[in-house]
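Work through the exercises below with the sequence and the structure at hand. Each task is followed by a solution in steps.

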Amino acid sequence: MPRILIVEDDTDINNSTAQYLRRQGCACVQAFSGTEGRLLWQAGGVDLLLVDLMLPGLSGSELIAEIRQTSRTPVIVLSARTELSNKVELLSLGADDYLTKPYQLEELWARILVQLRHASAAPAGGLLRYRDWVLNPDGMTLDAAGRTVSLTAHEFKIVELLAGRPKRVFTKQQIYEAVWQEKYAVEDKTITVHISNIRAKLRPSGTDGYIQTVWGIGFKLAE
């Protein structure tokens with residue numbers, strides 16, 4: 001039974017979402033402010049979070065940033081904001097998915113199932129190595145030239161995809177559909193933003209140049 005933390009200050013939305021998810025067999029914990037959500041998160045045992053952005057106390061963005069310092073537990077943002085820039089910003093911060101209000105509970109449930117599958121499908125076994133990189137798929141950690149690099153879940157999956165096929169050129173569409181497991185949106189800047197963030201995090205290790213842009217096609221690892 002997955003345990004889902006709902007952090008939403010709108011009582012009606014929070015309650016109706018919790019009631020629906022309980023009918024699907026989930027255990028739901030409800031928080032009505034960002035501060036309360038942080039306390040319930042810190043109590044442990046949460047498999048997935050649903051987080052509104054506009055929250056009293058701690059904002060949804062701040063809550064996600066704190067969670068991503070220590071955990072890769074899936075986070076789905078629920079927000080009335082519809083601009084693409086907001087979606088890209090939240091995905092870059094560490095959210096795993098983004099659903100615009102008002103949403104259908106059936107669609108929310110489908111997205112929850114996708115994230116729970118991703119969280120449970122991390123490959124077991126050994127380390128993945130590429131030059132000065134050492135990736136641990138089980139722990140979703142990356143060591144680059146002896147430095148530990150903190151990556152979001154999507155950032156790690158992108159690096160893992162590239163490192164698993166270092167001679168292959170991946171298009172943005174191929175990366176997006178492999179990592180997010182959904183249809184690629186035309187002119188979506190998500191991949192470009194994520195690659196830029198990954199390179200910035202790798203820069204202190206001197207390995208940011210490992211990820212090369214193949215102009216007009218996509219990205220690959222340097223040979």
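**Exercise 1.** In this predicted model, decide whether Glu 66 is buried, partly exposed or exposed, and find its salt-bridge partner.

Solution.
- Step 1. The relative accessible area of Glu 66 is 30%. Buried means under 20% and exposed over 50%, so Glu 66 is partly exposed.
- Step 2. Glu 66 forms a salt bridge with Arg 38, and their closest N and O atoms are 2.8 Å apart.
- Step 3. Glu 66 belongs to helix α3 (residues 60-67) and Arg 38 to helix α2 (residues 34-42), so that the pair links distant parts of the chain, 28 residues apart.
- Step 4. Arg 38 has a relative accessible area of 25%, so this residue is partly exposed too.

**Exercise 2.** Find the salt-bridge partner of Lys 101, and decide whether each of the two residues is buried or exposed.

Solution.
- Step 1. The side chain of Lys 101 meets that of Glu 8 in a salt bridge, with 2.7 Å from N to O.
- Step 2. Lys 101 sits in the loop between β5 (97-100) and α5 (105-120), while Glu 8 sits in the loop between β1 (3-7) and α1 (11-23); the two are 93 residues apart.
- Step 3. The relative accessibility of Lys 101 is 19%, so Lys 101 counts as buried.
- Step 4. For Glu 8 the relative accessible area is 2%, so Glu 8 is buried.
- Step 5. A network of salt bridges links Glu 8 and Lys 101 with Asp 52.

**Exercise 3.** How many salt bridges does the structure hold? Give the N to O distance for the one between Asp 208 and Arg 203.

Solution.
- Step 1. The total is 7 salt bridges.
- Step 2. The side chains of Asp 208 and Arg 203 meet at 3.8 Å, N to O.

**Exercise 4.** Describe the largest nonpolar core: which residues touch the most other members, and which element gives the most to it?

Solution.
- Step 1. This core has 29 residues, of which Trp 133, Leu 142, Ile 158, Leu 202 and Ile 211 touch the most other members.
- Step 2. At least two residues each come from β7 (133-136), β8 (141-144), α6 (153-164), α7 (172-180), α8 (190-202) and β12 (218-221).
- Step 3. The most is given by α6, with 6 residues.
- Step 4. Beyond its neighbours within four places in sequence, Leu 142 has contacts that include Trp 133, Phe 156, Val 159 and Leu 202.
- Step 5. Another core lies apart from this one; it has 18 residues, among them Trp 41, Leu 58, Ile 64 and Val 75.

Terms used
Residues numbered from 1 in each chain as written. Predicted model: local features only at pLDDT ≥ 70, side-chain atom pairs only at ≥ 80, totals over all residues. Heavy atoms only, no water. Core = buried A, V, L, I, M, F, W, Y, C linked by side-chain atoms within 4.5 Å. Buried < 20%, exposed > 50% of the residue type's maximum accessible area, 1.4 Å probe, protein only. Helix = DSSP H or I, 4+ residues; strand = E, 2+ residues; numbered from the N terminus. Contact = heavy atoms within 4.5 Å. Salt bridge = Lys/Arg side-chain N within 4 Å of Asp/Glu carboxyl O.
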